[in-house]
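Thanks, everyone. I have one structure to go through today, and I will keep it short. Please have a look at it first.

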Amino acid sequence: MAVRKDRGPINQAVKTDLKNSVLCWLATVDPAGVPNVTPKEIFTSHGDDRIVIADIASSNSVRNIRLQPNVCVSFIDIFRQRGFKFVGTAKIIPPEAEDFATLGAELLRMAGEDFLIRNVISVRIDRISRIWAPSYTLFPDRADEERMQSAYAAYGVRSGH
Ligand SMILES: Cc1cc2nc3c(=O)[nH]c(=O)nc-3n(C[C@H](O)[C@H](O)[C@H](O)COP(=O)(O)O)c2cc1C
């Protein structure tokens, strides 16, 4: 779905799945068209149209974005088995940039003192789409709780309640 002009794509549904997603996957492409996809744990939304990701150890992603800003970011809540995919345009924000403190504030909090954030990777979202597990189509009446129990069983996780 293309993003509406009058409001950003990040609504409550996106925020909920973001909060429950342990990782996102950032896909970039180099000038020769070679794709690159790697996981990032320190990421969040910013405003209603942007995802920000901490560059802690992502030299290839940063190099690619500087040369070719088209990216795709996806994330899923593995237990509820759903998430989102964003296609967007990324910008590398170094610490000396004026907007680093604003864009990076939440990432700095998440990273704590153990991880140095070299840059903020700021992604303006151009297109957004839902990712659903096939079970949403096959078993549309299943409640979240039931879906979660089935994911716990499939992944060998004990739910703790
Ligand atoms: C669980 C997990 C979480 C990670 N989180 C981040 C992160 O938030 N930021 C980051 O820069 N690298 C993170 N990494 C490390 C990068 O994925 C890794 O350094 C990767 O090789 C970078 O690839 P790139 O240079 O192609 O971006 C994480 C890796 C794992 C396994």
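Cys 72 lies in strand 5, in what is a predicted model. Is Cys 72 buried or partly exposed? Its relative accessibility is 24%, and buried would require under 20%, so Cys 72 counts as partly exposed. Leaving aside residues up to four places away in sequence, Cys 72 touches Trp 25, Leu 26 and Ala 27, and also Lys 85, Phe 86 and Val 87. Between the C-alpha atoms of Cys 72 and Ala 90 there are 9.3 Å, with 18 residues separating the two in sequence.

Strand 5 covers residues 70–77, and Asn 70 is found there too. Asn 70 is partly exposed, at a relative accessible area of 45%. With the same sequence neighbours set aside, its contacts are Ala 27, Thr 28, Val 29 and Gly 88. Val 120 is 50 residues from Asn 70 along the chain, and their C-alpha atoms are 16 Å apart.

Now the ligand. Which residues come nearest to it? Of the 15 around the ligand, they are Pro 39, Ile 56, Ala 57, Ser 58 and Ser 61. A polar side-chain atom of Ser 61 sits 2.5 Å from a ligand oxygen. For Ser 58, a side-chain N or O atom is 2.6 Å from an oxygen atom of the ligand. Ala 54 uses its backbone: an N or O atom there lies 2.9 Å from a ligand nitrogen. On its own the ligand has 640 Å² of accessible area, and the protein covers 69% of that.

Strand 2, strand 4 and helix 2 each give two or more residues to the shell, and strand 2 gives the most, with 4. By class, the shell has 6 nonpolar, 6 polar and 3 charged residues.

Notes. Residues are numbered from 1 along each chain as its sequence is written. This is a predicted model: local features need pLDDT of at least 70, side-chain atom pairs count only at pLDDT 80 or more; totals for chains, interfaces and linings use all residues. Side-chain values use heavy atoms; hydrogens and water are left out. Buried means under 20% relative accessible area, exposed over 50%, partly exposed in between (1.4 Å probe, protein chains only). Contact means heavy atoms within 4.5 Å. A residue is near a molecule or strand if one of its heavy atoms lies within 4 Å of it. A polar contact is a pair of N or O atoms within 3.5 Å; within protein, one must be able to donate a hydrogen and the other to accept it, and residues adjacent in sequence count only if both atoms are side-chain atoms. Accessible areas come from the Shrake-Rupley method with a 1.4 Å probe; for residues, only the protein chains shown count as cover. Ala, Val, Leu, Ile, Met, Phe, Trp, Tyr, Cys and Pro count as nonpolar, Asp, Glu, Lys and Arg as charged, and the others, Gly among them, as polar.
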